[in-house]
Amino acid sequence: MAPLPEPRPLDFRPELRALGTDGAAFQRLVAASELPAGAMRRVTVGELDVLVAHTDEGLVAVDDRCPHMSAPLSIGALDGCVVACPLHEGLFDLCSGEPVRIPTTGGLDPDGRYHPTWSSAGREPKVDPPGPKAEARRLTRVRRFRYYPLRVVDGWIEVALPG
Ligand code: FES
């Protein structure tokens, strides 16, 4: 039987490349065979927790931190390109870099537009009394993903990380 083709890296938007990766050395993080379609894995390198994910559109490497309040996405759920955060029900597209559903806490989207708090299951949204906590939620901006360049060499997923 012919071997399966190696998975390919996602072709991410150049402006979303992670800072500090120009000229950065590629490092072996995980065997491609250990990351089938739909799988995610956290790999820690020094102070960086990297999320390597096998999406419908290819392999991606980003920080294992939710673009909202930094929860580890590696313990969320991946469906196609969209990862669900285990905290505030935010959904984020690992293929485009964009949020799909703003977290229950509301706040600002990447372009700075405000979104109100909301709640699933027909419950009333949890609204903080006016004060610094409510203000912090209102002013928290969901970011777009920043991508680490990734390649597959000899069956290994290699990622360029800042030095
Ligand atoms: S930390 Fe992920 S949705 Fe809030």
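Select the hairpin of strand 11 and strand 12, which has 2 residues between its strands. In this hairpin Asp-154 takes a positive phi near 50°. The model is predicted. Strand 11 covers residues 150–153, and 4 bridges join it to strand 12 in an antiparallel arrangement. For one rung of this ladder, pick Val-153, whose bridge partner in strand 12 is Trp-156.

Stay on strand 12 and colour residues 156–160 by accessibility. Of these 5 residues, 4 are buried, so the strand is largely enclosed by the rest of the structure. Now add strand 1, residues 26–31, which runs antiparallel to strand 12 and is joined to it by 5 bridges. Within that pairing, Arg-28 has Glu-158 as its bridge partner.

Next, show strands 5, 6, 7 and 8. They form an open sheet of 4 strands in the order 5-6-7-8, with antiparallel pairing. Strand 5 (77–79) and strand 8 (99–101) are the edges, each pairing on one side only. On average, neighbouring strands of this sheet are turned by 30° against each other, direction ignored. Zoom in on strand 7, residues 91–93, where 2 bridges make the antiparallel connection to strand 8. Leu-91 is the residue to label here, since a partner in strand 8, Arg-101, stands opposite.

Turn to the charged side chains. There are 13 salt bridges in the model. Start with Arg-13 and Glu-98, whose side chains meet in a salt bridge at 3.1 Å, N to O. This pair links distant parts of the chain, 85 residues apart: Arg-13 is in the segment before strand 1, and Glu-98 is in the loop between strand 7 and strand 8. Arg-13 has 32% relative accessibility and so counts as partly exposed. Glu-98, at 22%, also counts as partly exposed.

From Glu-98, move to Arg-144. Their side chains form a salt bridge at 2.7 Å, N to O. The two residues are 46 apart in the chain, with Arg-144 in the loop between helix 1 (132–139) and strand 11. Arg-144 is partly exposed, at 22% relative accessibility.

Arg-144 then leads to Asp-111, through a salt bridge of 3.0 Å, N to O. This step spans 33 residues and ends in the loop between strand 9 (107–108) and strand 10 (114–115), where Asp-111 lies. The relative accessible area of Asp-111 is 47%, which makes this residue partly exposed. To see the whole group, select Arg-13, Glu-15, Glu-98, Asp-109, Asp-111, Arg-113 and Arg-144: salt bridges that share partners join them into one network.

Keep Arg-144 selected and display the pockets. Arg-144 is one of the residues lining the largest pocket, which holds about 320 Å³ of space. Others in the lining include Ala-18, Leu-19, Val-62, Asp-63, Phe-145 and Tyr-148. By class, the lining has 6 nonpolar and 5 charged residues, with no polar ones.

The last stop is the second largest pocket, with about 210 Å³ of space. To find its centre, select Thr-104, Trp-118, Ser-119, Pro-125 and Lys-126, which lie nearest to it among the 13 lining residues. This lining divides into 2 nonpolar, 5 polar and 6 charged residues.

Definitions and conventions
Residues numbered from 1 in each chain as written. Predicted model: local features only at pLDDT ≥ 70, side-chain atom pairs only at ≥ 80, totals over all residues. Heavy atoms only, no water. Pairing = 2+ DSSP bridges. Axes fitted to C-alpha atoms, helices over the stretch in contact; angles between N-to-C directions. 1 Å grid on protein atoms, 1.4 Å probe; cavity = no way out; pocket = protein on both sides within 12 Å on 5 of 7 lines; lining within 4 Å. Points joined across faces, edges and corners; volume = space filled by probe spheres on them. Nonpolar A, V, L, I, M, F, W, Y, C, P; charged D, E, K, R; others polar. Buried < 20%, exposed > 50% of the residue type's maximum accessible area, 1.4 Å probe, protein only. Salt bridge = Lys/Arg side-chain N within 4 Å of Asp/Glu carboxyl O.
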